[in-house]
Amino acid sequence: MADRADGGPGGGAAGAAGGWVPVQPQERAMWCDERFNFQATFLQCLAKHVPNIYSAEMDPLLEKQEEMVQAAILYPLECYLFGEDPDIFLEKLQQSRTSQLCGKVFKGGETTYSCRDCAVDPTCVLCMDCFQNSIHKKHRYKMHSSTGGGFCDCGDTEAWKAGPLCTKHEPGASGSAKENSECQLNEEVMEHSRRVFPSVIKYIVDMLIWEEEKELPPELTIREKADSYYCVLFNDEHHSYDHVIFSLQRALGCELGEAQLHTTAIDKEGRRAVKAGHYASCQEAKEEIKRHSENVSQRPLHVEVLHADVMAHQKFALRLGSWLNKLMSYSSDFRQIFCQICLKEEAGSEKPCFISKLMLWDAKLHKGARKVLHELIFSSFFMEMEYKKLFAVEFVKYYKALQKEYISDDHDRVLSVTALSVQMFTVPTLARHLIEEQNVITTITETLLEVLPEYLDKNDKFNFQGYSQDKLNRVYAVIYDLRYVLVSKPTLWTDRLRERFLEGFVSFLRILTCMQGMEEIKRQIGQHIEVDPDWEAAIAIQMQLKNILLMFQEWCACDEELLLKAYSECHKAVMRCSTNGRSREKTVFHLCGHTLESRPYRVSADPVSIHLPLSRTLAGLHVRLSKTGTISRLHEFVSPEEFQVELLVEYPLRCLVLVAQVAAEMWRRNGLSLISQVFYYQDVKCREEMYDKDIIMLQIGASLMDPNQFLLLVLQRYELADAFKKLKPTKDQDLIKQCNVLIEEMLQILIYVVGERYVPGVSNVTKEDVIMREIIHLLCIEPMAHSAITKSLPENENNETGLENVIDKVATFKKPGVSGHGVYELKDECLKEFNMFFYHYTKTQHSKAEHTQKKRRKQENRDEALPPPPPPDFSPAFSNVVRILNCDVMMHILRIILQRAVELETHLWTEAMIQMVLHLLSLGLLEEKQQLQKSPEEEVTFDFYHKATRMGSSALNAVNVLMLLEKLKRVPQLEAQKDTVNWILQMFDTVKRLREKSSLTTIAATSGSEATKGDESTQDKEKAERKRKAEAARLHRQKIMAQMSALQRNFIETHKLLYENTLEAQGKEDAIMEEESMSSAIDYSKIALGPKRGPSVAEKEVLTCILCQEEQEVKLESAAMVLSACVQKSTALTQNRSRILELSGDTLDPLFMHPDLPCGTHTGSCGHVMHAACWQKYFEAMQLNFRQRLHVEQIFDLENGEYLCPLCKSLCNTVIPIVPLQAQKINSEDAEAVAQILSLARWLEIIIVRISGYSVKNAKGEKQNLPAFANKGMGNSALEFHSILSFGVQSSAKYSSSIKEMLILFATTIYRVGLKVAPNEADYRIPMMTWSTCAFTIQCIENLLETEGKPLFGSLQNRQHSGLKALVQFAAAQRTTSPQVLIQKHLIRLLGVLLPNFKVEDTPSLLEVDMFHVLVGVVLSFPSLYWEDAVDLQPSSISSAYNHLYLFHLTTLAHITQIVVSSATESPTARSSDNSEEARSAQSFCREVCQYTSGCFSQDIPGWLVWDCVKKGIMPYLRCAALFFHYLLGISPPDELLQVSEEGQFKALCSYLCLPTNLFLLFQEYWDTVNPLLQRWCADPVVLSCLKGKSIAIRYPRKRNSLIELPEDYSCLLNQASQFRCPRSSDDEQKHPVLCLFCGAMLCSQNTCCQELVNGEELGACTSHALQCGAGVCMFLKIRECKVVLIEGKTRGCLYPAPYLDEYGETDPGLKRGNPLHLCRERYRKLHLLWQQHCIIEEIARSQETNQIFFGFNWQLL
Ligand SMILES: [Zn+2]
Ligand SMILES: [Zn+2]
Ligand SMILES: [Zn+2]
Ligand SMILES: [Zn+2]
Ligand SMILES: [Zn+2]
Ligand SMILES: [Zn+2]
Ligand SMILES: [Zn+2]
């Protein structure tokens, strides 16, 4: 491919002027000389420069090459051509450039749009830009991904019924009113073009088709030939990427990287030099490559050795090609001159013109060259209608040759010039022209006939056994061309068109002749066939031909004369094919006085074929004859003697019998291939031109033959002649069963022949009627989604089903919920159209529909009879069909079957058979009734009633049908059919009365009323009877329900736990009720901290283990019980996604959480409880299990402790031990007393002393990391080391060893997962991680409750509630399993943030920590200060109350300061005169801050604004704190927190947390103590730099994360994707843009260009992005496929439906249907919750479990 095809003409000219290759003045002058020989000069110039420019082929400097090309060749050439500076000239042209055609050529994967309302055919498409600017945006459009190679049809008036131009291409749109005068090129330029183009084109053509490897044409050879060659490797589709790499490595001994580089280039450009050198060495390399590649796959790679100069000129030829391509876009004149030259044939020469030469050479060109060539054709010929036509003529002229080249070519179709056919053949006028002038239909069919012979057998029938799929696919391309030519019917017929079309049709019949009866099969008896024969190819051809056959029929039907001629031709062809079997002697078959003479043939013994396209085409033409009325002239074209209807019926009948025999399992031994063929025969993809037409052919037979003869023929072909003759008592059960199935099948076909009239021409119905009926019958089965209905309807040549036009008439749409899809429900008034024996039902559909309809009638308390709806009248040509209903043979058949039922010969009849007989009887009676209602009685010859009530003459016929029916009612097995029988009996009555009424018209006047009365009375009786039955049924149902519910109760009793647990998902409301009842029952003071602290509500907790089902009370000293849990890293709360996350936490210090909350550790639980011992056993058993089945891939990673919850199958990776809450209650008197002495100042002094005491104690062994406090002047001599103990201590809780073990286990998991490190029970960071996950999980839950708008307490799901409870209690208890010295050390570091005395060098400033994490850390670690050498003490309740209070107040003060400082840059948005107390306090606080920051903090911020910021900003912190203390202490929260109310919530939080509602009062209260702290907090350099605006601190409240905004209209996303360019590579290959829903990044997925090496592993763009963006868990939208992908880590992921729905409430994964899609907010919200609830991993595990196929997918490379 030419380098930088985009560097078009003039592009580099400016650079060339000062470029390093000077353009010789005399050279320029020479070019400009009018008299010189341009061609010679041009070639001379090329000969001189080209080999130099392209000399370094192995390692080209592309930019330098381009620069040289511009300077030495293109610039002078353009100067000559334009006669002035190219830049200026082209700029002028650019201004006036107009074309009404868009002509954008699509790349693979680009989205194209088609309008279903306006496009002439589905190949008419628009590019994204044109579509967005067109009227079709508001129409019913479809979106699709281009396979590449097509082009935008904007501006083509023939492609669109309306709106052919978008606003961009509309004339006069872009100020081009002046077009006429200026867009024309001046004469001089035209003259020059006529002189330049031929030489340029000739050079390009010559070089592209140049075959000499070593020599150049003499005019290009100017210097001595150097021995400099390249070994060039060409692309093919046979060798895989890896094969080529392998071969290259072996043959050239090169590195993998180099081989990869070569291979990628070859794949992209089609060829590449892989070695440079002397001829001999290149030749050697060539042989080596061939040898090695042959070893790998059968075929050697295509390698050539080319001389360096040849290679250079070929490269430059392509560069010139793209130069021309660009030039073409500037002016229509250029295009026309170019096309003229390309089409010019040498006078008197047979040689093809330039463009044909290139076309013919196309298959020999390499990929890159083809691309340039095709683009050139698009930009020139296809932009000028007149030349497009001329090009099409050339194309058709060489059509055969081109197609043959393509078929033996090995490149994809998009790379073949033959793929251009669609651009020409689908243009209606062009198609007409090509038919008339070039006989294109015949050309195509002849091409087919010429390429298909290799599949012909000795009888000249096709046989595709052992076919090559690829080759056949190429043949389909030719068939497709036929479809394109026929896609729009002509409106105007000329004689020539008629003649040519007929010629084409006859030629097409020759193909059908080869198919008629092809691939015959014979029933296998005894042995099963060894290999299933190939059947796919033949069926695939049928599918391809379906619409073509229909189109041919439609074309024929346009014109009466044509239709008759075509019919006669087709008839002849059928007759020619129907000769076999004529050799056999005719035999005679008698039944009830009728005789049939026929040639013996048995489907079960003789060969039979399912492929009968000729017969079926004839049937199609026949109904069109009938529809147009032309049938009356048929005899002029086909004489009645020639017609031979029996012969016409014969083959379709055989085919139907074959289907029946397959159903009767007579063809079992012929294997699956036959079953598949029979399936497709009746499937919606084929049935129109197979099954349906066979039924029509039988109807033709029934209408033209004697009815008895017809039935005898049917009986004989079904091999049932004996079955209805005499009772042959056979004992063989199998044979009887077989025979019964055959009878059923035959009856069914007879029902269809008589009853199926919904074909235009068979009766007077329209296409809409037909579709409506199809839809009604589909919806009678069940309500269906739009896509399901569409899939079950046949598509026409425009891929339309016509569904939308009628669906609203028959159905109502029901919208979908958050999952599932919308469905259509049948309208009630359409139910009467239901026909149980609808011919397109499969067996399952039939029984499902029957069941549904009966059930419905039962529910409506109606009888269960489902008689056929009255069918429309046959059209005259088919009216004789009904005669088979009342003919003797039919009566005989009906009677025999009924008799067998009545006589209880159980094995000889089936209920289905009876149903069909009843159906046929109903049809007969309906027919007679309808006829009687229309015409006078004496004219109605249809005497079904008479025949059915007539006695037979023989003994066998001693009873009539009516009598048999009466008896049938008493057959117990037929209870279910009783209602139908009654209905028929009533019909008999009605018909009888109609007959009598009309014959006795006079009496009718009087007896008529009586008759109706009688009718009424019977109806009343029926009604009463039905009511009684309904009542009985109701009682019966009640009884059963009672029994059921008793059973259910028992079940719930015995499985109580199981039941409760499974109900948990919906237990949200229960939870609220629980909480509410609890809170209303207790009325203590609801304060969590300080001396007024309320009591803990710790109830006795008795839990049941889900594994052993035993109950146990949770106690400190008992064996541990655990909750299944999942620990994961999470970025759900991050405020800064650009922060780089550490992939491994080996060196991480997790004590402090950054206020950005970049990545936390979340602990979730499904809330299911087990004994620790039971769980351990379960886990070990699972491990063992998997070790034994080594090769079974598992969803979960046992090594990392993963398992599925035994009850709900959630993915878990650890367990949380359940530690009981220690109930505490404090004596308020004592507490008040303590309050007198223990002020904050005092408390601080005490702990400082305590801490410094420890540090002195430990100073010997430990590194001194505490500053000396004694000197700070804060110490009080009265206080000593033990003072802290004096306010109350108690002994530490004693945990059972099993609880301890679990504490360690869980803590280690948090550490391992949270930091991604190897487990280490003794690591010092374990307590930090414990506090951190506790704090982070609370923050996540708080966040979730807020975004969901739920109250803080009482609205958690049970699983969240019990998980959080266990987590907080665990976090409090975990301390006891770590060395207290360690805990103290952590505590001191944490306190360092609050108390600057403890500050050490790594203590972060106030703005660098998340205060809630600090709070949780200090509260949980504080008891460690009570540790005394050997005695394990902990603070008493009173001590704790004060500790909590002061710790909380301190962090709160710090947090308020954080908020105030970080909102310093806030500018007031509104004036407020609020001068509240809070505002005033805020103002005075600010003054202090201002003072301490030496004025960095502006004092001007109004107090009310500060107060506003603080109040809003502190809310999440207070909410988290309330949750934390509640779950830590078990103190009930105030009622206000059980509701959602902003103001009430703030007050309630303050009261619960013992804060003044004017938060600034806290500062005032503690001013003396806090003042020095505040001073030091503010003086921190980080704080100052932030205040100076040098750095940005996080604002409070933090933003709540949500998934990115998605556009409402999906095409906006596609638009974005189309503009997406891979950041790493510049090629135009197809990309898979993927959108990260967390951060909105667009990534290039599934492509090697964007893989990244992480820890030595290649990761795809998504996987590596997920590591950063979501800490391994992420959510993406694959834009081109419209699917959401969830991934976790490197190995797991799943697909999830995208939140976009079409107007029918359905998703469209893969954009297969292409309907417009719109965002569904509820579904997107569901995805959001999935993320925020940390359920993505769970979702992946669940989907992997149900959908095992995803194991094969390499998620890593996504
Ligand atoms: Zn366009
Ligand atoms: Zn356009
Ligand atoms: Zn439209
Ligand atoms: Zn247990
Ligand atoms: Zn569970
Ligand atoms: Zn992202
Ligand atoms: Zn990429």
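What geometry do the four donor atoms give the site of the zinc ion (ligand 2)? Here are my notes, bearing in mind that this is a predicted model.

1. Tetrahedral is the answer: the angles among the four donor atoms of the zinc ion (ligand 2) run from 99 to 115 degrees. The coordinating atoms are SG of Cys130, Cys154 and Cys166, plus ND1 of His169, at 1.9 to 2.3 Å. If you want to find them along the chain, look for the spacing C-x23-C-x11-C-x2-H.

2. Cysteine 130 deserves a second look, as this residue bridges the zinc ion (ligand 2) and the zinc ion (ligand 1), with 4.3 Å between the two ions. Cysteine 130 sits in helix H6 (residues 128-132), while histidine 169 is in the loop between strand S2 (141-145) and helix H7 (179-182), so this pair ties together parts that are 39 residues apart in sequence. Both cysteine 130 and histidine 169 are buried.

3. Now for the zinc ion (ligand 3). Its protein donors are Cys115 (SG), Cys118 (SG), His136 (ND1) and His139 (ND1), 2.0 to 2.3 Å away. This site is tetrahedral too, with angles of 97 to 118 degrees among the four donor atoms, and its donors follow the spacing C-x2-C-x17-H-x2-H. Cysteine 115 belongs to strand S1 (residues 111-115) and histidine 139 to the loop between H6 and S2, so the two tie together parts 24 residues apart in sequence.

4. Are the two ends of that pair buried or partly exposed? Cysteine 115 is buried, at a relative accessible area of 3%. Histidine 139 is partly exposed, at 25%.

5. On to the interior. The largest nonpolar core holds 300 residues, and those touching the most other members are Phe197, Tyr203, Phe334, Phe381, Phe425, Phe464 and Leu968. Helix H28 (residues 645-663) is the biggest giver to this core, with 13 residues. There is also a second, separate core of 170 residues, which includes Leu1356, Leu1391, Val1393 and Leu1445. As a general reminder, nonpolar side chains in soluble globular proteins tend to be buried together.

6. To see one core residue up close, try tyrosine 203. Leaving aside residues up to four places away in sequence, its contacts include Phe42, Leu43, Leu46, Val50 and Leu220. Also among them are His313, Phe316, Ala317 and Leu320.

7. Which strands stand at the edges of the open sheet ordered S13-S12-S16? Strand S13 (1160-1171) and strand S16 (1214-1217) do; each has a single partner strand, so one side of each is left without a neighbour in the sheet. The pairing in this three-stranded sheet is antiparallel, and the twist averages 40 degrees from one strand to the next.

8. Strand S12 (residues 1121-1130) is joined to S16 by four bridges; for valine 1122, the bridge partner in S16 is proline 1217. Helix H48 (residues 1297-1315) packs on the sheet, touching S12, S13 and S16, and its direction makes about 135 degrees with that of S16. Helix H49 (residues 1326-1347) packs on the sheet as well, touching S12 and S13, with its direction at about 90 degrees to that of S13.

9. Last, a hairpin. Strand S24 (residues 1683-1688) and strand S25 (residues 1692-1697) pair antiparallel over six bridges, and valine 1684 stands opposite tyrosine 1696 in S25. Three residues lie between S24 and S25, and glycine 1689 in the turn has a positive phi of about 60 degrees.

Technical notes
Residues are numbered from 1 along each chain as its sequence is written. Chains are lettered from A and ligands numbered from 1 in the order in which they are written. This is a predicted model: local features need pLDDT of at least 70, side-chain atom pairs count only at pLDDT 80 or more; totals for chains, interfaces and linings use all residues. Side-chain values use heavy atoms; hydrogens and water are left out. Donors are N, O and S atoms within 2.8 Å of the metal (3.2 Å for Na, K and Ca); water is not among the atoms, so sites may look incomplete. Four donors count as tetrahedral if all angles lie between 85 and 135 degrees; four count as square planar and six as octahedral if opposite donors are over 155 degrees apart and all others between 65 and 115; anything else is irregular. Buried means under 20% relative accessible area, exposed over 50%, partly exposed in between (1.4 Å probe, protein chains only). A nonpolar core is a set of buried Ala, Val, Leu, Ile, Met, Phe, Trp, Tyr and Cys residues joined through side-chain atoms within 4.5 Å. Contact means heavy atoms within 4.5 Å. Two strands pair if DSSP finds at least two bridges between them. Axes are lines fitted to C-alpha atoms, for helices over the stretch in contact, and angles run from 0 to 180 degrees between N-to-C directions.
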